[in-house]
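Hi there,

Here is the structure I promised to pass on. My notes on what turned up in it follow below.

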Amino acid sequence: MIIAECSPAQRKVAPMVCRVSRTTIENFNPRRFRELRIAAGLSRPQLARAAKIGVSTISAWERGTRTPTLETLGDCMRIIDSPLSEVIPPSVNPTLKSLRIARGLSRPQTADWMGLSLPGYSAIERGDTPISSAHSERLASLYGLPVAIIDQAAHNSRNTEKLSPFTDS
């Protein structure tokens, strides 16, 4: 298991072992990211130093030639002090996956929080296994959303192909 640090918000909401995942974001808005960085009064070198990434990485994101991973973008957005939703457009028909990603959580983190194995949680997220009312309530608590939204996202996960702008590799 690879260990990584959790954000303070994740530690507060879900004290768990954080694992590094490679969740990439397909619908990232590079122009909005640049606007927020500038509005926060940060130069590329300042943000890169604070996030412990290269200046060229931030430049590539802002040009749209590279896409950040969820974890690195989450770090940068915490430094900029803006939510991920500012640079990731919300889904019209959210799935369990899009809700998880919008909260900046990996599949392993969510599985740990739910007390499920990674394959067990993944089957729920894909819509292969129905979500129980107890699991809906647990996800609602983790995501800070009403249970009805979790249930609708689970329904969308079961009844749609790829509506989510995110991929996990």
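Arginine 32 is partly exposed in this predicted model, because its relative accessible area is 25%, which falls between the 20% limit for buried and the 50% limit for exposed. This arginine belongs to helix H2, which spans residues 30-39. Its side chain reaches the side chain of glutamate 35 in a polar contact of 3.2 Å. Further along the chain, once neighbours within four places in sequence are set aside, arginine 32 is in contact with Glu86 and Val87. The first of that pair, glutamate 86, is 54 residues away in sequence, yet the two C-alpha atoms are separated by 7.2 Å.

H2 also has a helix partner. How do H2 and H4 lie relative to each other? Their axes come within 7 Å and cross at roughly 125 degrees. That angle is outside the 65 to 115 range for roughly perpendicular and not over 145, so the two helices count as oblique. On the H2 side the contact is made by Pro30, Phe33, Arg34 and Arg37, and on the H4 side by Ile58, Trp61 and Glu62. Sorted by class, there are four nonpolar residues and three charged ones, with no polar residue in this contact.

Staying with H4 (55-63), its buried residues are Thr57, Ile58, Ser59, Ala60, Trp61 and Glu62. Ile58, Trp61 and Glu62 thus appear in both lists: they are buried and they take part in the contact with H2. The cover over the buried residues of H4 includes H3 and H5 as well as H2. After H4 comes glycine 64, with a positive phi near 80 degrees.

Helix H9 (residues 133-143) has a clear division into sides. Buried here are Ser136, Leu139, Ala140, Leu142 and Tyr143. These residues lie on the same side of H9, because the arc they cover around the axis is only 165 degrees. The face turned away from that buried side carries Ser133, Glu137 and Ser141, which are exposed. Just after H9, glycine 144 has a positive phi of about 70 degrees.

You may want to look at the backbone in two loops as well. Lysine 52 is not a glycine, but its phi is positive, at about 60 degrees. This lysine sits in the loop between helix H3 (44-51) and helix H4 (55-63). It counts as exposed because its relative accessibility is 76%, and the cut-off is over 50%. Aspartate 81 is another residue other than glycine with a positive phi, in this case near 65 degrees. Its place is the loop between helix H5 (70-80) and helix H6 (96-102). With a relative accessible area of 68%, aspartate 81 is exposed too.

Finally, the overall picture. The protein has ten helices and two strands, in the order α-β-α-α-α-α-α-α-α-α-α-β along the sequence. It has 169 residues, of which 42% count as buried. Among contacts between residues at least 6 apart in sequence, 63% join residues at least 24 apart. The contact of arginine 32 with Glu86 is one across 54 residues.

Best wishes

Note on methods
Residues are numbered from 1 along each chain as its sequence is written. Side-chain values use heavy atoms; hydrogens and water are left out. Helices (H or I, at least four residues) and strands (E, at least two) are DSSP runs, numbered from the N terminus. Buried means under 20% relative accessible area, exposed over 50%, partly exposed in between (1.4 Å probe, protein chains only). Contact means heavy atoms within 4.5 Å. A polar contact is a pair of N or O atoms within 3.5 Å; within protein, one must be able to donate a hydrogen and the other to accept it, and residues adjacent in sequence count only if both atoms are side-chain atoms. The arc is that of the directions from the helix axis to the C-beta atoms. Axes are lines fitted to C-alpha atoms, for helices over the stretch in contact, and angles run from 0 to 180 degrees between N-to-C directions. Angles under 35 degrees count as roughly parallel, over 145 as roughly antiparallel, 65 to 115 as roughly perpendicular and the rest as oblique. Ala, Val, Leu, Ile, Met, Phe, Trp, Tyr, Cys and Pro count as nonpolar, Asp, Glu, Lys and Arg as charged, and the others, Gly among them, as polar.
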